[in-house]
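Visitor: I have a few questions about what can be read from this model. Could we look at it together?

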Amino acid sequence: MTTTTRVGLSVHVARLVHIYRADGHDVAALSGVDLSIDAGSTLALLGPSGAGKSTLLSLIAGLERPTAGTITIGDERTDQLADGEMDRWRGDRVALVLQGGQRNLLPYLSVLDNIRMAQWGSVTGAAPDPDDLLEWVGVPDDIVHRKPAELTEAQAQLVALCVGAASGPGLLLADEPTASLAADATHQVIEALRRLNDSLGTTILTVTHDPVLAAAMDRTVTIRDGRVGAQAHDGVELAVVSPDGALPLPDDVLDELPPGTLLRVQRDDSSQHLRLVVEPWSGRGEGRP
Ligand SMILES: Nc1ncnc2c1ncn2[C@@H]1O[C@H](COP(=O)(O)OP(=O)(O)OP(=O)(O)O)[C@@H](O)[C@H]1O
């Protein structure tokens, strides 16, 4: 069965702050994140453990509400929606695939019935035919009547992607979709995400530590200490100037210039594009004309 052309949802996040209040103290998980994702594109969020990636995913999914800042998905300011309104709006427009395939599946339903259940009550009319979904994601025919407990970890992850994409969402969020999978299964998941992106036009945002998955996305954004630390477009690493004018240094440079290092930053206007010359300042008299 052929499907109608669908349009992915864009995501714009501005000056997003999130503070968890736990055990009498505050944890600033995000401290001013700006991020834009084009409709229909794919992006991987990278960064060390505790950097704030899952928090950002939860805020975009509407599972947590931001302490400050704005979230716009498509043309909806979702941070302004009340909880009930957010649930209704998200409906079948935004899907979240949790880490670990099995966590996304109802254990007493077959693979096929899990997909049908996820399509039940779909209001946007964008739900694809389950047979198409299974084919795009590469789920073999002989497992569609099995229960989740009878699936391998890799099969459960593929079925979880089918369930996530079952309503034809404009935005698919996937938390560590290749975590603890072998190389073959990782490639199957990447291919499944690519086919879903192509076939449904769905915007895809993944959180990952997996460089193979990251390289397969259109763009990567690295979160560090609750801020956007770097981006990569077509394999080119880029630093991002933060709203307060700070410029995070790439990891390999940071190794040689530890926090607290004094730097001279000078303009070089000799070429067509502005260049900055950055050099450590190490002594008296340096830098004076
Ligand atoms: N429910 C919570 N209550 C209190 N603090 C939290 C909560 N969830 C996360 N944090 C803290 O917020 C910060 C960001 O956590 P988050 O899980 O978003 O990071 P992450 O980049 O996804 O890490 P990982 O890669 O390990 O999943 C961390 O300091 C974490 O301890």
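Visitor: Which residue in strand 11 stands opposite His 233?
Guide: This is a predicted model, so local features need pLDDT of at least 70 and side-chain atom pairs count only at pLDDT 80 or more, while totals for chains, interfaces and linings use all residues. Residues are numbered from 1 along each chain as its sequence is written. Strand 10 (residues 227–233) and strand 11 run antiparallel and are joined by four bridges. Opposite His 233, in strand 11, stands Val 236.

Visitor: What does helix 1 touch on the sheet, and what angle does its direction make with that of strand 7?
Guide: Helices (H or I, at least four residues) and strands (E, at least two) are DSSP runs, numbered from the N terminus. Helix 1 packs on the sheet and touches strand 3 (42–46), strand 6, strand 7 (171–175), strand 8 (203–207) and strand 9 (219–224). A touch here is a contact, with C-beta atoms, placed from the backbone, within 7 Å. The direction of helix 1 and that of strand 7 make an angle of about 150°.

Visitor: In what order do the seven strands of the open sheet stand?
Guide: Strands of a sheet pair through backbone hydrogen bonds, either parallel or antiparallel. Two strands pair if DSSP finds at least two bridges between them. The pairing in this open sheet is mixed, and the order is 6-7-8-3-9-10-11.

Visitor: Which strands stand at the edges, each with a single partner strand?
Guide: An edge strand of this sheet has a single partner strand, so one side of it is left without a neighbour in the sheet. The two edge strands are strand 6 (94–97) and strand 11 (236–239).

Visitor: By what angle are neighbouring strands of this sheet turned against each other on average?
Guide: Axes are lines fitted to C-alpha atoms, for helices over the stretch in contact, and angles run from 0 to 180 degrees between N-to-C directions. With direction ignored, the average turn between neighbouring strands of this sheet is 20°.

Visitor: Which strands does helix 5 lie across, and at what angle does it run to strand 6?
Guide: Helix 5 lies across strand 6 and strand 7. The angle of helix 5 to strand 6 is about 165°.

Visitor: Are helix 5 and helix 6 oblique or roughly parallel to each other?
Guide: Two packed helices are described by the angle between their axes and the distance between the axes. Helix 5 and helix 6 (residues 183–200) have axes 10 Å apart and an angle of about 15°. Angles under 35 degrees count as roughly parallel, over 145 as roughly antiparallel, 65 to 115 as roughly perpendicular and the rest as oblique. Helix 5 and helix 6 are therefore roughly parallel.

Visitor: Is the crossing of helix 5 and helix 6 left-handed or right-handed?
Guide: A crossing is left-handed if the near helix is turned anticlockwise from the far one by less than a right angle, and right-handed if clockwise. The crossing of helix 5 and helix 6 is right-handed.

Visitor: Which residues of helix 4 meet helix 5?
Guide: Helix 4 (residues 130–137) and helix 5 (residues 153–165) pack at about 135°, with axes 10 Å apart. The two helices are therefore oblique to each other. On the side of helix 5, the residues met are Leu 158, Leu 161, Cys 162 and Ala 165. On the side of helix 4 they are Leu 133, Leu 134 and Val 137.

Visitor: How many residues of that contact are nonpolar?
Guide: Ala, Val, Leu, Ile, Met, Phe, Trp, Tyr, Cys and Pro count as nonpolar, Asp, Glu, Lys and Arg as charged, and the others, Gly among them, as polar. The contact of helix 4 with helix 5 has no polar and no charged residues, and the nonpolar ones number seven.

Visitor: Which element gives the most residues to the shell around the ligand?
Guide: Residues around the ligand, including Tyr 20, Val 27, Gly 50 and Lys 53, form the shell; the cut-off is a C-beta atom, placed from the backbone, within 6 Å. Strand 1, strand 2 and helix 1 (53–61) each give two or more residues. With three residues, the element that gives the most is helix 1.

Visitor: In what order do the four strands of the other open sheet stand?
Guide: Strand 1 (residues 11–22) pairs with strand 2 over ten bridges and with strand 4 (residues 68–73) over five. Strand 4 and strand 5 pair over two bridges. The pairing is antiparallel, and the order is 2-1-4-5.

Visitor: Which residue takes a positive phi in the hairpin of strand 4 and strand 5?
Guide: Two residues lie between these strands. The one with a positive phi, near 60°, is Gly 74.

Notes:
Contact = placed C-beta atoms within 7 Å.
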